[in-house]
Amino acid sequence: MGARVLVRDAMALGWTPPRGASFLAYHVRRGHAAWPRLKRTLAATDSTAADALVTGAVAAFAFVADAFIHAATPHPQDTQ
């Protein structure tokens, strides 16, 4: 589900699958089978582990967002 949202945003910024969004596009294609399996796994997870999973997911999405911001930001070494 997250990849679907991110890939739309990435493509709106010009990051198509051949230009940097191939990882997200792969997960969009893969997600149709994986999403129901993930929901089943999460339903069977105890609350302590679920909290750790949420914390990890938040950190992962923050990392991805930062990577996109960094990629879209001009850097002085790139202009020399």
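Start your tour by selecting His70, a residue that is partly exposed, with a relative accessible area of 48%. That label fits because partly exposed covers the range between under 20%, which is buried, and over 50%, which is exposed. Keep in mind as you click around that this is a predicted model.

Which helix are you in? His70 sits in helix α3, which covers residues 47–72. Now add His27 to your selection and draw a line from one C-alpha to the other. The two histidines are 43 residues apart in sequence, and the line between their C-alpha atoms spans 22 Å.

**Zoom out to the whole chain**

Colour the model by secondary structure. You'll find three helices and zero strands, so reading from the N terminus the order is simply α-α-α. Is the chain compact or spread out? Its radius of gyration is 16 Å, well over the 12 Å that the globule rule gives for 80 residues, so the chain is more spread out than a compact globule. If you put a box around the C-alpha atoms along the principal axes, its sides come to roughly 55 × 25 × 15 Å.

Next, switch on the surface. The chain exposes about 6,200 Å², and 66% of that is supplied by carbon and sulfur atoms. How much of the chain is buried? Buried residues make up 14% of the 80 residues.

Try colouring by charge, too. You should count 8 positive and 5 negative side chains, and the centres of those two sets lie 16 Å apart.

**Stop at the nonpolar patch**

Leave the surface on and select Trp35, Leu38, Leu42 and Leu53. Together they make a nonpolar surface patch of about 340 Å². Which helix gives the largest share? That's helix α2, residues 22–43, with three residues of the patch. Trp35 is in helix α2, and at 31% relative accessibility Trp35 counts as partly exposed.

**Back to helix α3, then over to a loop**

Go to Ala60, which is also a helix α3 residue. Buried or exposed? Somewhere in between: Ala60 has 39% relative accessibility, so it counts as partly exposed. Select Ala10 along with Ala60 and compare sequence with space: the pair is 50 residues apart along the chain, and 16 Å apart from C-alpha to C-alpha.

For the last stop, pick Pro17. Where is it? Pro17 lies in the loop between α1 (2–12) and α2. With 29% relative accessibility, Pro17 is another residue that counts as partly exposed. Finish by drawing one more line, from Pro17 to Ala60: their C-alpha atoms are 20 Å apart, with a separation of 43 residues in sequence.

How values were computed. Residues numbered from 1 in each chain as written. Predicted model: local features only at pLDDT ≥ 70, side-chain atom pairs only at ≥ 80, totals over all residues. Heavy atoms only, no water. Helix = DSSP H or I, 4+ residues; strand = E, 2+ residues; numbered from the N terminus. Rg over C-alpha atoms; globule rule 2.2 N^0.38 Å. Buried < 20%, exposed > 50% of the residue type's maximum accessible area, 1.4 Å probe, protein only. Areas by Shrake-Rupley, 256 points an atom, 1.4 Å probe, with all protein chains shown as cover. Lys, Arg positive; Asp, Glu negative; His and termini not counted. Charge placed at Lys NZ, Arg CZ, Asp CG, Glu CD. Patch = residues over 30% accessible without salt bridge, like charges linked within 9 Å, V, L, I, M, F, W, Y side chains within 5 Å. Salt bridge = Lys/Arg side-chain N within 4 Å of Asp/Glu carboxyl O.
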